[in-house]
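Trainee: Could we go through this model together, one question at a time?
Mentor: Happily! Have a look at it first, and then ask away.

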Amino acid sequence: MLIHPMPDPIAIAIGPLQVHWYGLMYMVAFALFIALGRVRIKQAHIAAQHWTKEDLDDMLFYGVLGVVIGGRLGEVLFYRPAFFLANPLEILMVWHGGMSFHGGFLGVMLSMWLWARKSGRNLFDVYDFIVPLVPLGYAAGRIGNFINAELPGRTAPDGLPWAMQWPGVALPVHPSPLYQALVDGVLVFAILWLFSRRSRPRMAVGGMFTLLYGCARFFTEYFRVPDYEVTFAGMTISSGQMLSLPMIAGGLLMLLWAYKRNVTGGAPARA
């Protein structure tokens, strides 16, 4: 059995100034977006669409607003409305942790819609461009959750070599933030990066990401203590799984639409 290392959530403290590891992980995520984006704009099929470093920097500004505002509001509305209603000032204290990916996803979609309108680009071209840059940043965020000892896993079976004694939890658990960093983050990135290296029909790369993340998150939720669960048609699913089901359905529809239009000549290969 492993013991949670319980690193200090404060990475740097200079007098009253404190820099939290959770915030630093978001900085890592944004740096990865820029680094991977600069590789992506050099790929031949992307370069043909005339993406620039300035576009990348501009999108990051819009994306940061979407991630932070959408992620926090998603946590408030989807997962812990009663807590934040009783403690409204906590909504602003993002360094304490608590960011919803599904809320951040919606926030980024809205911010990219605004950027697409400003730049005169098709929203689906923007989505196809940015989604391969997202999963490693997501993985960094989950490492931030782990450092904060957030999102404990379900009780682990006896003999599981990597079962972990979690702060404040009596029995050893699955280290679920690490599972999500590896599966929802690194694995989804590897598959999506390979898929996106070739020219694909418009919406195909975005659809693949939406499907992959939805499936990965649905799977890893089995190892995480749910915020709440519901039973439908005799099947119990967690809040995270409920929010992932529309992504799975939406990703499949996007892929079918992309390739159907491509076969019938209705849409060019774009991303």
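Trainee: Let me begin with R224: is it buried or exposed, and what about E221?
Mentor: Keep in mind that this is a predicted model. A residue counts as buried when its relative accessible area is under 20%. By that cut-off, R224 and E221 are both buried.

Trainee: How far apart are the closest N and O atoms of R224 and E221?
Mentor: Side chains of opposite charge can pair when their charged atoms come close. R224 and E221 do form a salt bridge. Their closest N and O atoms are apart by 3.4 Å.

Trainee: Which residues are linked with E221 in a network of salt bridges?
Mentor: We have just seen R224 paired with E221. The network also takes in another arginine, so the residues linked with E221 are R224 and R217.

Trainee: How many salt bridges does the structure hold?
Mentor: The pair of R224 and E221 is one salt bridge, and D57 with R38 is another. For the structure as a whole, the number is 7.

Trainee: Which parts does the pair of D57 and R38 tie together?
Mentor: The side chains of these two meet in a salt bridge, at 3.8 Å from N to O. D57 is partly exposed at 37% relative accessibility, and R38 is partly exposed at 32%. They lie 19 residues apart in sequence, so the pair ties together helix α3, home of D57, and helix α1, home of R38.

Trainee: And how many residues apart in sequence are D58 and K118?
Mentor: D58 forms a salt bridge with K118, with 2.8 Å between the closest N and O atoms. D58 lies in helix α3 and K118 in helix α5, so the pair ties together parts whose separation in sequence is 60 residues.

Trainee: Which helix gives the largest share of the largest nonpolar core?
Mentor: That core has 47 residues, and those touching the most other members are W51, M59, V126, F129, I130 and F209. Several helices each supply at least two of its residues, including α1, α3 and α10. The largest share, 9 residues, comes from α9.

Trainee: With which residues is I130 in contact, leaving aside its neighbours within four places in sequence?
Mentor: I130 is among the core residues that touch the most other members. Once those sequence neighbours are set aside, its contacts are F33, M59, V108 and M112.

Trainee: F61 caught my eye; how large is the nonpolar surface patch it helps make?
Mentor: In soluble globular proteins, nonpolar side chains tend to be buried together. F61, in helix α3, counts as exposed because its relative accessibility is 53%. Together with L65, V68, I69, L73 and L77 it makes a nonpolar surface patch of about 580 Å².

Trainee: Which residue in the turn between β2 and β3 has a positive phi?
Mentor: Strands β2 (residues 10-14) and β3 (residues 17-20) run antiparallel and are joined by 4 bridges. One of the bridge partners is L17 in β3, paired with I14. The two strands form a hairpin with 2 residues between them, and the turn residue with a phi of about 60° is G15.

Trainee: Where is H50, which has a positive phi although it is not a glycine?
Mentor: Most residues other than glycine have a negative phi. H50 has a phi of about 65°, and at 62% relative accessible area H50 is exposed. Its place is the loop between α2 and α3.

Trainee: What is the phi of L151?
Mentor: L151 sits in the loop between α7 and β4. L151 is not a glycine, yet its phi is positive, at about 55°.

Definitions and conventions
Residues numbered from 1 in each chain as written. Predicted model: local features only at pLDDT ≥ 70, side-chain atom pairs only at ≥ 80, totals over all residues. Heavy atoms only, no water. Pairing = 2+ DSSP bridges. Patch = residues over 30% accessible without salt bridge, like charges linked within 9 Å, V, L, I, M, F, W, Y side chains within 5 Å. Areas by Shrake-Rupley, 256 points an atom, 1.4 Å probe, with all protein chains shown as cover. Salt bridge = Lys/Arg side-chain N within 4 Å of Asp/Glu carboxyl O. Buried < 20%, exposed > 50% of the residue type's maximum accessible area, 1.4 Å probe, protein only. Core = buried A, V, L, I, M, F, W, Y, C linked by side-chain atoms within 4.5 Å. Contact = heavy atoms within 4.5 Å.
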